[in-house]
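Thanks, everyone. Let's walk through one model, a few features at a time.

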Amino acid sequence: MRLIVICLLAVTALLVLERTLRYPVTNSYYAGAGDEITVATTAIHVSGNPQENISKIGDMVALIKEEHRDVDLIVFGEAISGLYKTEDNDYHRHVADTVPGNITESLSAICIQNAVYISAGMVERFNGRIYNSQVMISDSGQIITIQRKKYPKASSFEPGYSTLSVSKVRGLKTGTTICYDISKKETVKKARDESISILIHSNADYYEEFDSIGFAYRYLAKQYRSWLVTSNRVGTEGNTRWDGHIEIIDPFGRVVKNGKEVEQYIVFDIKCNTDINFLTRPMYNFYNKISLIVFTVKHFDIARRYYDF
């Protein structure tokens with residue numbers, strides 16, 4: 001009985017502390033000096049033909065830039081150049097392309113034509129191996145980074161060597177990770193060590209039925225202490241239905257824009273506080289730790305199903 005009372009008092013104290021710190025910390029974060037970047041992220045239907053998919057990317061980029069001229073970066077999902085789930089064991093080898101190659105040349109042309117950065121997934125062939133890769137291409141058409149998924153789920157892909165790549169987009173440190181790799185401690189450590197401002201999470205994914213509040217991605221944004229931008233695909237491939245969920249989430253786990261179930265894009269003007277220094281950073285980190293614990297306790301029934309508590 002005494003233990004139960006102690007636990008209840010501890011949880012109450014954490015809740016009070018988190019609520020007390022929340023507004024001063026989050027408000028000061030957004031009031032600080034910062035750099036801004038306008039990001040769009042997408043969920044699209046994908047066919048088995050890479051040329052059709054790249055053409056669709058071109059059309060989507062043109063539409064986004066027509067409706068939002070100030071967009072700096074547009075994100076597309078995991079292995080978006082083709083199907084992810086297929087019964088053809090040789091499919092990924094057939095559609096794989098080199099970097100540079102036809103796919104990246106087409107993407108580079110789209111970047112130059114629309115004066116925008118693009119992050120897009122593709123099936124890559126490198127040294128005779130097939131990788132689940134994500135390329136970042138600048139507005140001048142330059143390939144900045146190639147991220148190869150380190151922990152692929154599909155047997156047709158070889159493992160990459162790192163779970164995170166880091167580049168600068170409009171001067172802001174931007175990390176890229178692919179699907180399951182985001183859950184690894186090594187990814188969290190590298191992202192924090194690099195002090196990234198934005199984390200791009202490339203997905204072929206669907207929400208678990210028990211997660212009605214988007215717990216997983218809100219938790220990750222808090223854990224990484226950065227903006228989180230997810231991308232996806234939508235539709236059915238074989239027996240898998242991709243629900244097309246996409247999110248833009250702030251470093252405090254608040255969903256500022258999201259979408260689901262249809263082919264679409266979302267846009268948000270992200271402000272990254274670059275005024276955090278060695279004096280203020282411990283305060284933000286302390287708050288995030290407390291906030292993460294409180295968030296997990298409040299939604300323990302969901303958390304335990306993800307993390308086997």
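Start with Cys 179. Its relative accessibility is 15%, so under the 20% cut-off it counts as buried. Keep in mind that this is a predicted model.

Cys 179 also turns up in the pocket. The largest pocket is lined by 33 residues, and Cys 179 is one of those nearest its centre. The others nearest the centre are Lys 153, Tyr 180, Ala 204 and Asp 205. The volume of this pocket is about 940 Å³. Which helices supply at least two residues each to its lining? Helix H6, residues 215-224, does, and helix H8, residues 300-307, does as well. H6 gives the most, with five residues.

Back to cysteines. Cys 111 is buried too, with a relative accessible area of 0%. How many disulfides does the structure hold? Zero. A reminder of the term: a disulfide is a covalent bond linking the sulfur atoms of two cysteines.

Now the nonpolar cores. The largest has 25 residues. Those with the most contacts inside it are Ile 57, Val 61, Ile 74, Phe 76, Leu 107 and Ile 118. Several elements give two or more residues to this core. The helices are H2 (50-67) and H4 (102-114). The strands are E1 (34-44), E3 (117-126), E4 (129-137) and E13 (264-273). H2 is the top contributor, with five residues.

Take Ile 57 on its own. Setting aside residues up to four places away in sequence, Ile 57 touches Ile 44, Phe 76, Ile 80, Leu 107 and Ile 110. Phe 76 and Leu 107 are also on the list of residues with the most contacts in the core.

Apart from this core lies another, of 18 residues. Among its members are Val 75, Met 136, Trp 227 and Cys 272.

Last stop, Thr 163. Where is it? Thr 163 sits in the loop between strand E5 (143-148) and strand E6 (165-169). Is this loop residue buried or exposed? Thr 163 has a relative accessible area of 2%, so it is buried. What does its side chain reach? The side chains of Thr 163 and Thr 187 are joined by a polar contact of 2.8 Å. Leaving out neighbours within four places in sequence, Thr 163 is in contact with Gln 147, Lys 150, Tyr 151, Thr 176, Thr 177, Asp 181, Glu 186 and Thr 187. Thr 187 therefore appears twice for buried Thr 163: in the contact list and in the polar contact.

That's my tour. Over to you.

Note on methods. Residues are numbered from 1 along each chain as its sequence is written. This is a predicted model: local features need pLDDT of at least 70, side-chain atom pairs count only at pLDDT 80 or more; totals for chains, interfaces and linings use all residues. Side-chain values use heavy atoms; hydrogens and water are left out. Helices (H or I, at least four residues) and strands (E, at least two) are DSSP runs, numbered from the N terminus. Buried means under 20% relative accessible area, exposed over 50%, partly exposed in between (1.4 Å probe, protein chains only). A polar contact is a pair of N or O atoms within 3.5 Å; within protein, one must be able to donate a hydrogen and the other to accept it, and residues adjacent in sequence count only if both atoms are side-chain atoms. Contact means heavy atoms within 4.5 Å. A disulfide is a pair of cysteine sulfur atoms within 2.5 Å. A nonpolar core is a set of buried Ala, Val, Leu, Ile, Met, Phe, Trp, Tyr and Cys residues joined through side-chain atoms within 4.5 Å. On a 1 Å grid over the protein atoms alone, a cavity is a set of points where a 1.4 Å probe fits but cannot get out, and a pocket is an open set with protein on both sides within 12 Å along at least five of seven lines; lining residues have an atom within 4 Å of a point. Grid points are joined across faces, edges and corners, and a volume is the space filled by probe spheres set on the points.
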